[in-house]
Amino acid sequence: DISCPDGWTRFGCSCYFKSKEKKTWERGRADCKKSGADLVVINNEEKQKFVSALSKHGESWIGLWNIWTQGGYKWKLVDGSPLTKTFWASGLPTYDGYYAACCDQQGKWTQTTYYNKNKNWICEKKIL
């Protein structure tokens, strides 16, 4: 059985790490990449519940950002997979969000409109 590195939690076919420190979305992502991971991609209910529990007591960056594509800004998952299932808080997303975090008190996604906001982040590493 393949286990996760120290400090990482196994769920499904991936290992997850929640940072103790806070950084910007970009820096958090860079930190994930250093350990061969990326920010967590949430694409189903089970994972949403798991991440929600992992990030309780505050919001953590997730692998969803609003990037320029032909035809305007679009919310994209960091792994390039299609964004088919979303868990946005009501009234979101708005056009001026840059990065997504999880989760608010209701366990929903939030967004930030600032590049320099610091939050915890959650990395995901697929088990090969």
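Which residues does UniProt place under the feature "domain: C-type lectin"? In the UniProt record, an unreviewed entry, that feature is placed at residues 11-109, and the structure through which we follow it here is a predicted model. Over residues 11-109 the chain is 20% helix and 29% strand, while the C-alpha atoms at the two ends of this stretch lie 20 Å apart.

A helix offers a convenient place to begin. At the start of helix α2, a side-chain oxygen of Asn-44 comes to within 3.2 Å of the backbone nitrogen of Glu-46. The helix itself covers residues 45-54, and its buried residues are Lys-47, Gln-48, Phe-50 and Val-51. Viewed down the axis of α2, these buried residues fall within an arc of 165 degrees, so they line one face of the helix. Glu-46 and Lys-49, by contrast, are exposed on the other side of α2. The buried residues of α2 are covered by elements that include β1 (9-11), β2 (14-18), β4, β6, β7 and β8 (120-126).

Among these covering elements is β6, a strand that can be followed to its partners in turn. Strand β4, which comprises residues 60-69, runs antiparallel to β6 and is joined to it by 3 bridges; within this pairing, Ser-60 has Cys-102 of β6 as its bridge partner. Strand β6 also pairs with β7, again in the antiparallel sense, over 4 bridges. The hairpin formed by β6 and β7 has 6 residues between the strands, and in it Gly-107 takes a positive phi near 75 degrees. Along β6, which spans residues 99-102, Tyr-99 and Ala-101 point one way whereas Ala-100 and Cys-102 point the other way, and all of them are buried.

From Ala-101 the path leads across to β7, where Thr-110 stands opposite it. Thr-110 belongs to strand β7, made up of residues 109-112. Is Thr-110 buried or exposed? Its relative accessible area is 11%, and because the cut-off for a buried residue is under 20%, Thr-110 counts as buried. Leaving aside residues up to four places away in sequence, Thr-110 touches Glu-59, Trp-88, Leu-92, Tyr-99, Ala-100, Ala-101 and Asp-104. With one of these residues, Glu-59, Thr-110 also shares a polar contact of 2.8 Å between the two side chains.

Definitions and conventions: Residues are numbered from 1 along each chain as its sequence is written. This is a predicted model: local features need pLDDT of at least 70, side-chain atom pairs count only at pLDDT 80 or more; totals for chains, interfaces and linings use all residues. Side-chain values use heavy atoms; hydrogens and water are left out. Buried means under 20% relative accessible area, exposed over 50%, partly exposed in between (1.4 Å probe, protein chains only). A polar contact is a pair of N or O atoms within 3.5 Å; within protein, one must be able to donate a hydrogen and the other to accept it, and residues adjacent in sequence count only if both atoms are side-chain atoms. Contact means heavy atoms within 4.5 Å. Two strands pair if DSSP finds at least two bridges between them. UniProt positions are given in the numbering used here, feature names are shortened, and annotations may be inferred rather than shown by experiment. The arc is that of the directions from the helix axis to the C-beta atoms.
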